[in-house]
Amino acid sequence: MTSKEKLFYFIYLHRTGLTVAVLSTVLLVYPLFQDNPYTLGLSNLIAINTIVVLGLALFVGYAGQISLGHAAFFGMGAYGSAIATVTFGLSPWPALALTALLVALFAGLIGVPLLRLAGHYLAMATLGMNFVFHNILLQWDQVTGGPSGFAGIPSLAIGPLMFDDEVRLHYLLWGFTLLALLLCLNLVRSGVGRGLAALAGDETAAAALGVDTARAKVKVFVLSATMASIAGSLFAHTYNFISPDSFDIFVATDFVIMVVIGGMGSIWGTLVGTGLITMLPEWVDLFETYKDFVHGGILVLVLIFLPQGLVAGLVDMVRIKLALHRQKNAPS
Amino acid sequence: MLHLEHVAKNFGGLPALCEVGFEVKAGQLTALIGPNGAGKTTLINCITGILQPDSGNIRFRGQNLVGLAAHQISHLGIARTFQNLKIFPRLTVLDNVLAGLTVQGGNSLLMAMLRLPYLRHRERRLKLQALDSLDRFQLSAKADWPAGILSYGDRKRLEMARAAVSEPHLLLLDEPVAGLNSEETAAIAEQLRILRSAGHTMLLVEHDMDLVMSIADEVIVLDSGRCIASGTPDEVRRNPLVLEAYLGTMEATA
């Protein structure tokens, strides 16, 4: 091999690690070039959403299931942290951990019966769960503050360092997001990840290959709910105020749309999907007003033309082209 | 190694299997033949836990398989291929074979997320094992292809590579040459001989009589859910019941 080939081979071999390193560097220096708090605030929102969407991507894109109820887990994290800190006076970090634990338990409990359902039935059941949760937030106002929301949630802090401005939050939130990204990348490249991919491909074949399909589904469901809960806690501590509308069924569908744009079975795609859908209303005012129509339209178009999802679909096309090209040029 | 006794299965009152009993001996290639609708695939599905038999015993290395789930039976060392191919089209060829090693990959979600060094070593070992299996089935040149673009013959070989990679105690092959041309069939037959000489125990469900008669150690004939004959290929070939099942009776054809 020439030294150039060696370099390319090295890049190919360590492509995941290198991409993570480049992304981390860009994020590290980003606030030096961009000090507009509004823009930073948007990128922070992308970071929070990405954590939810990563978990959902494992559940939808890898394990092949569907959930239209992850805004509920996101909301449980947010309200859990809010109630634990404001009502019960816990400090934010233990509140975050305790909430995540309780949400994981809850997801495990409902996951066992829920995941006996599949397809449309599972979609309807999770949608129903989200709907019930949203209604509890609206109606139980002694605890949740009702439609007017829950205010006065403290910011997160490490010692004397308070995460209360956009730059500090940038480092905190993207730190969490990068960690989640790394953990998910590790997972999908492991035997467990391949078991999940097999599950999405064909449940009978996966079982015949030794995957305990019922258990695997519940495990990923719990993992994705826990990630959504942590993201929700971060959301509450970032904005210091939450209201039920951030956790309704339209938010739940938006999360699914972000997964679909990013693609089935693509971890990197979730960054693109989340970024695109979070930014869309910022770019064109029209999208703000008719947001739900536009998002629904995007979902339908992607599913018709690239059923594996936008990013994953394009990547698949390139991989197939490359394989066929190499076969044509290979000396036979 | 595999022992079936009085296995019965009904679909809504319609008997698909009735009092089926036979034995697969270790190190042998046993073939299961029979006309369409004889219950061959139903039987394979009962052995692998995809269906549960209504009654009867299926014992594998001393353990009763009836009542176990498909993944538990897989853990005992029974691997299979599917008649209507079940490869994962979006995964690469290599990842498809690695999926056959899922169990050895460890199954703790948390450990996998942390990617500890011992898991990384195991991954490397499994990858070598998978590449080795691809090599045996002449697919290594296509290891990084998405499996969905493979030809039909390659897909059949990929399923066999995936089933054989875990070195199972028993390999169930559901019609591995159905739909293949004579050249591809010959290649698969060669593969089966290699697997057998490597000591694999196999149960082969097949329509292709030439293939079965040329490589099977023992043949079992199923007709309308019943076991009508068993023995060496030569014994079975001469059995009048078998001729009747395949060719019809003299009165029916006359």
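1. Let me start with strand E9 of chain B, residues 218-223, in what is a predicted model. This strand is mostly covered, with five of its six residues buried. On one side it pairs with strand E3(B), residues 29-33, through four bridges, and the two run parallel. If you want a landmark for that pairing, find Ile33(B), which stands opposite Val221(B).

2. E9(B) also has a partner in strand E10(B), residues 226-231: five bridges join the two, this time antiparallel. Asp223(B) has Arg226(B) as its bridge partner. The two strands form a hairpin with two residues between them. Have a look at Ser224(B) in that turn, where phi is positive, at about 45 degrees.

3. Next, strand E7(B), residues 170-174. Five of its five residues are buried, so the strand is largely enclosed by the rest of the structure. In a regular strand, side chains alternate between the two faces of the sheet. Which residues cover the two sides of E7(B)? Leu170(B), Leu172(B) and Asp174(B) lie on one side, Leu171(B) and Leu173(B) on the other, and all are buried. Please note the Asp174(B) in that list, sharing its side with Leu170(B) and Leu172(B).

4. E7(B) has parallel neighbours in strands E6(B) and E8(B). Three bridges join it to E6(B), residues 78-80, and Ala79(B) stands opposite Leu171(B) there. Five bridges join it to E8(B), residues 201-205, where Leu204(B) is opposite Leu173(B). Between E7(B) and E8(B) the chain passes through helix H7(B), residues 182-197, in a right-handed β-α-β crossover.

5. One residue of that connecting helix is worth a visit: Gln191(B), found in H7(B). Is Gln191(B) buried or partly exposed? There are 19 other C-beta atoms within 10 Å, and burial takes 20 or more, so this residue counts as partly exposed. Leaving aside residues up to four places away in sequence, Gln191(B) touches Phe137(B) and Met160(B). Met160(B) is 31 residues away in sequence, with a C-alpha to C-alpha distance of 9.4 Å.

6. Stepping back to chain B as a whole, there are eleven helices and ten strands. A compact globule of 254 residues would have a radius of gyration near 18 Å, and the 19 Å of chain B agrees with that. Along the principal axes, its C-alpha atoms fill a box of roughly 70 × 40 × 30 Å. Of the 254 residues, 44% count as buried. For contacts between residues at least 6 apart in sequence, 65% join residues at least 24 apart.

7. Over in chain A, helix H9(A) spans residues 191-201. Eleven of its eleven residues are buried, so the helix is largely enclosed by the rest of the structure. Among those buried residues are Gly191(A), Gly193(A), Gly195(A) and Gly201(A), along with Arg194(A) and Leu196(A). What covers H9(A) comes from both chains: it includes H3, H8, H10 and H11 of chain A, together with H3 (93-99) and H4 (109-114) of chain B.

8. That brings us to the interface, where 29 residues of chain A are in contact with 31 residues of chain B. On the chain A side, H8, H9, H10, H11 and H16 each supply at least two residues. Which helix gives the largest share of the side of chain A that touches chain B? H9(A) does, with eight residues. By class, this side has 13 nonpolar, ten polar and six charged residues.

9. A last stop in chain A is helix H6(A), residues 119-139. Its 21 residues reach 30 Å from first C-alpha to last, close to the 30 Å expected at 1.5 Å a residue. Buried here are Ala125(A), Thr126(A), Met129(A), Asn130(A), Phe133(A), His134(A) and Leu137(A). An α-helix has 3.6 residues a turn, so residues three or four places apart point the same way. The buried residues of H6(A) pack against H4 (70-87), H5 (92-114), H7 (141-144) and H12 (249-262) of chain A.

Conventions: Residues numbered from 1 in each chain as written. Chains lettered and ligands numbered in written order. Predicted model: local features only at pLDDT ≥ 70, side-chain atom pairs only at ≥ 80, totals over all residues. Buried ≥ 20, exposed ≤ 12 C-beta atoms within 10 Å, placed from the backbone. Pairing = 2+ DSSP bridges. Right-handed = clockwise from strand over helix to strand, strands pointing away. Contact = placed C-beta atoms within 7 Å. Nonpolar A, V, L, I, M, F, W, Y, C, P; charged D, E, K, R; others polar. Rg over C-alpha atoms; globule rule 2.2 N^0.38 Å. Expected span 1.5 Å × (residues − 1).
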